[in-house]
Amino acid sequence: MELTDTFGRTINYLRLSVTDRCNMRCVYCMPAEGLPLRSHREILSYEELLSIARTAVSLGIEKIRVTGGEPLVRKGILGFLAQLAETPGLRQLVLTTNALHLAEMAESLKFAGVQRLNISLDSLKPDTFSAITRGADVGRVMAGIDAAERAGFPLKINMVVMNGINDDEILDFVAMTMDRAVTVRFIEYMPAIKATDWESRVVPGDTILERIAERFTFMSEARESLAGPARIFRVDGAAGTFGIISPVTGHFCEECNRIRVTAAGRARSCLFSDREVDLKPFLAIGDDRALAAALRQVVTFKPRRHLLAEAEQQFTPFAMAAVGG
């Protein structure tokens, strides 16, 4: 089967959040005071998450990315991932993590059936990393990356580029791709929590490319099947690649192929849209047909584009951890 929205886009990618809890407090993800966390009874059970995943795949979803918060902090995550990996028709199972628990879990994740990992890493400098994450240790993240490479995972490393905070490290991140077969992705800062000065933090994707071109010679590469919105490049002779994701200055909405479900069972078709469908009532009565209809409805809600560049952004501020980032 195939899911198609009202603008003719094929929807084959589900971001599925399993928790709103996180062991980092990144400045672009949540306010300084943290988040009011949902109670355990408000968070979907693994059985409910599997029901959503299986129904979504039966409708045409081919790729599922498990997100959080930080998914590796949820108890029983390995067993859930092993069950999810066995979903008939699922072509790609990916997990996004901040890598704080990855050093001890990489081999188990591989055994469970996770095929790829995305790792958030916004600085290579211990002090800068600690400031961005409000206290985390970059050494633990690097140990997790090393363990994931040893386990044989294809890795994407995501850097949210922030003007005056970590943009001086862009070339250092590109240099990582010379000897490591990883993909580093530079992501424009997005105003999820609507900080008053958010525009001043954005480093446009084209500016990032211009800075890289001052030192490196690179060529564009084709994106993989089921890939996200990044433009992909490879430096001459590099083992890995780098990508640019420009949600603010370079709308990629025409190619968007995803929907998302929060850990509380709210489905939305766009990160920056307030329009949601509550899946819990259908899960409570075990009505798979109604659940499928609700997911189709989410796809029909998908807007042509988000409005991040508009003077009045039409969405309620939110923490990335609360909606699956």
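Reader: What relative accessible area does E42 have?
Author: This is a predicted model, in which local features need pLDDT of at least 70 and side-chain atom pairs count only at pLDDT 80 or more, while totals for chains, interfaces and linings use all residues. Residues are numbered from 1 along each chain as its sequence is written, and side-chain values use heavy atoms, leaving out hydrogens and water. E42 is partly exposed, the class between buried (under 20% relative accessible area) and exposed (over 50%), found with a 1.4 Å probe on protein chains only. For E42, the relative accessible area is 30%.

Reader: Which residue forms a salt bridge with E42?
Author: A salt bridge needs a side-chain nitrogen of Lys or Arg within 4 Å of a carboxyl oxygen of Asp or Glu. The closest N and O atoms of the E42 pair are 3.6 Å apart. The partner is partly exposed, with a relative accessible area of 35%. That partner of E42 is R38.

Reader: How many residues apart in sequence are the parts that R180 and D146 tie together?
Author: The side chains of R180 and D146 meet in a salt bridge, 2.7 Å from N to O. R180 lies in the loop between α6 (170-179) and β8 (182-188), and D146 in helix α5 (residues 138-151); helices (H or I, at least four residues) and strands (E, at least two) are DSSP runs numbered from the N terminus. D146 is partly exposed at 31% relative accessible area. Because of where the two residues sit, their pair ties together parts whose separation in sequence is 34 residues.

Reader: Which strand holds R231, the partner of D206?
Author: D206 and R231 meet through their side chains in a salt bridge of 3.6 Å, N to O. The pair links distant parts of the chain, 25 residues apart, with D206 in helix α8 (residues 205-213). R231, at residues 231-235, belongs to strand β10.

Reader: Which residues are joined into one network?
Author: Salt bridges can share partners, and here such sharing makes one network. A search of the whole structure finds 14 salt bridges. The residues joined into the network are R266, R268, E276 and D278.

Reader: How many disulfides does the structure hold?
Author: A disulfide is a pair of cysteine sulfur atoms within 2.5 Å, and the structure has none. For C22, the nearest cysteine sulfur, that of C29, is 6.3 Å away. For C26, which is buried at 11% relative accessibility, the nearest is again that of C29, 6.2 Å away. The number of disulfides is zero.
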